[in-house]
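Biologist: I would like to learn how to read a model like this one. Could you take me through it step by step?

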Amino acid sequence: MTRHYHDRRGRLVRSVTTREPAWTEQDRAEVIALAYYRRTELCPCGCGHRYADTTSPEETGPQFVASRVVCRARLALLEAQRAAETQDIVGGARLWHVRKVGR
Ligand SMILES: [Zn+2]
């Protein structure tokens with residue numbers, strides 16, 4: 001909403017625009033809580049699991065099983081980068097992008 005202020009002669013002297021905040025108090029509280037959770041509850045190694053679980057005794061805590069898949073987007077990028085490897089200085093300045101094609 002924009003409110004216009006005029007002087008005694010009706011000339012516009014000031015316009016003040018107020019907008020709805022993009023984030024509500026609730027949004028801000030939730031983001032702060034999420035950041036706090038990530039900082040205090042999650043394992044700092046980056047595995048994404050709860051610290052209490054990852055550091056629990058092996059006999060009483062949960063078990064962890066590792067598996068793997070290949071990120072095909074990263075693979076395509078690495079293959080393209082390897083194919084383009086040259087000794088010239090341009091290589092370090094190239095900007096690479098991966099886009100999804102089809103489906
Ligand atoms: Zn971890």
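Modeller: Happily! We start with the word donor: donors are N, O and S atoms within 2.8 Å of the metal, and water is not among the atoms, so sites may look incomplete. Keep in mind that this is a predicted model.

Biologist: Which residues coordinate the zinc ion?

Modeller: C43, C45 and C47 coordinate the zinc ion, each through SG, at 2.2 to 2.3 Å. Along the chain, the donors of the zinc ion have the spacing C-x1-C-x1-C.

Biologist: Is C45 buried or exposed?

Modeller: Exposed means over 50% relative accessible area, and buried means under 20%. C45 has 60%, so C45 is exposed. C47, at 37%, falls in between and is partly exposed.

Biologist: Now the fold. How many helices and strands are there in the protein?

Modeller: The protein has three helices and two strands, and along the sequence they follow the pattern β-β-α-α-α.

Biologist: What radius of gyration does the protein have?

Modeller: A useful reference is a compact globule of 103 residues, which would have a value near 13 Å; the protein has 27 Å. Its C-alpha trace spans about 80 × 55 × 35 Å along the principal axes.

Biologist: And what share of the residues counts as buried?

Modeller: Of the 103 residues, 4% count as buried. For contacts with a separation of 6 or more, 2% come from residues 24 or more positions apart. The protein exposes about 10,300 Å², with 54% of that supplied by carbon and sulfur atoms.

Biologist: How many positive and negative side chains does the protein have?

Modeller: There are 18 positive and 12 negative side chains, and the centres of the two sets are 13 Å apart.

Key. Residues numbered from 1 in each chain as written. Predicted model: local features only at pLDDT ≥ 70, side-chain atom pairs only at ≥ 80, totals over all residues. Heavy atoms only, no water. Donors = N, O, S within 2.8 Å, 3.2 Å for Na, K, Ca; no water. Buried < 20%, exposed > 50% of the residue type's maximum accessible area, 1.4 Å probe, protein only. Helix = DSSP H or I, 4+ residues; strand = E, 2+ residues; numbered from the N terminus. Rg over C-alpha atoms; globule rule 2.2 N^0.38 Å. Contact = heavy atoms within 4.5 Å. Areas by Shrake-Rupley, 256 points an atom, 1.4 Å probe, with all protein chains shown as cover. Lys, Arg positive; Asp, Glu negative; His and termini not counted. Charge placed at Lys NZ, Arg CZ, Asp CG, Glu CD.
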